[in-house]
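Q: Please take a close look at one part of this predicted model. I would like to know how a single helix sits within the rest of the chain.

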Amino acid sequence: MDLEELLAAGRPLNEKYKSGFATLIGRPNVGKSTLMNRLVGQKISITSNKPQTTRNRIQAVYTSEEGQIVFLDTPGINRAKNKLGNYMLKAAEGTLRDVDVILWLVEPTTYIGAGERYIIEQLKKTKTPVILVINKTDTVKKDDVFPAIDTYRKELDFAEVVPVSARCGTNTDTLISCILKYLPYGQPFYDEDTVTDQPERQIVAELIREKALRSLDEEIPHGIAVAIESMKYRKNIADIEATIICEKDSHKGIIIGKGGQMLKTIGSKARPEIEDMLQCKVNLQLWVKVKKDWRDSDFLLKNFGYNPKDPE
């Protein structure tokens, strides 16, 4: 079920249990995926220090005795440069009207840049409660966090302000409690064992892309996608064939590397995490193909799992 289907289904009232949706928004590289993974206790969304790491709305589920939170991790809000960028921007902004609470992640600084100003303007249009999450508190002195809080409080009326460190897990329990406070009473949307609604193929593709993002040079990762060609099981082994898509012939050579070394590196880094996720041995075969300007092709975007109509 997607978000709209779940909301339309309706839920019987449960006055002792909270359940609802929370979206994580913010500029690229502010730590949204890292925080979501930390809150649900499992790696669902890929992370790297490069922009455009998260491209889709990714749902992850936190369930406790008090309630269930369905988290939506969104692409970083940034100015779009192509159709993929437009898709990502719609995916991020589209969640603001569909959720019970918004988590806006910022860094512990008093500087509010153009990107943050744009987000502030979007948040002013919504009546949804906004929790300001000051992330990366482990990177500054404790006294430096308070000026950042004061700076942002002057811009918007926040329901809560919670400083956290997604990397270290600091204050994440407090954040969970704050989120539950703003959710409606009702039955859980998912059973207690569910941690994500993402298909296995999509998670596998994203894990491969993450390793490519972390292994390759700055410019190349923006222009890559991963397509799972086949995924078959035999006994306790998963045979997976995947293709890394790039935009230029010169990029193909770099991704493959001398003697195929870079491609081997990407595969060897991705395999253990895929095995951990699938709970079986994995035989991973990787190829590289060139699809010029795929980020501006509606057909190819849809083919690689980024349907331009989905976020609307």
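Of the 312 residues in the protein chain, 53% count as buried. Which residues of helix 7 are buried, and what covers them?

A: Start with the setting. This is a predicted model. The protein chain has 10 helices and 9 strands. Its exposed surface is about 15400 Å², with carbon and sulfur atoms supplying 46% of that area. Among contacts with a separation of 6 or more, 72% link residues 24 or more positions apart.

Now the helix itself. Helix 7 covers residues 200–215, 16 residues in total. From its first C-alpha to its last, helix 7 reaches 23 Å. That is close to the 22 Å expected at 1.5 Å a residue.

Next, burial. In helix 7, 12 of the 16 residues are buried, so the helix is largely enclosed by the rest of the structure. Buried here means under 20% relative accessible area. The run from I203 to L213 is buried: I203, V204, A205, E206, L207, I208, R209, E210, K211, A212 and L213. S215 is buried too. The buried set therefore includes E206, R209, E210 and K211 alongside I203, V204, L207, I208 and L213.

What does the covering? Strand 7 (225–234) and strand 8 (237–246) are among the elements over these buried residues. Helix 9 (261–278) and strand 9 (281–290) also contribute to the cover.

For another enclosed element, look at strand 3, residues 67–73. There 7 of the 7 residues are buried, so strand 3 is largely enclosed as well. G67, I69, F71 and D73 point one way, while Q68, V70 and L72 point the other. Strand 1 (residues 18–26) runs parallel to strand 3, joined by 7 bridges.

Key:
Residues are numbered from 1 along each chain as its sequence is written. This is a predicted model: local features need pLDDT of at least 70, side-chain atom pairs count only at pLDDT 80 or more; totals for chains, interfaces and linings use all residues. Side-chain values use heavy atoms; hydrogens and water are left out. Helices (H or I, at least four residues) and strands (E, at least two) are DSSP runs, numbered from the N terminus. Buried means under 20% relative accessible area, exposed over 50%, partly exposed in between (1.4 Å probe, protein chains only). Contact means heavy atoms within 4.5 Å. Accessible areas come from the Shrake-Rupley method with a 1.4 Å probe; for residues, only the protein chains shown count as cover. Two strands pair if DSSP finds at least two bridges between them. The expected span of a helix is 1.5 Å times one less than its number of residues.
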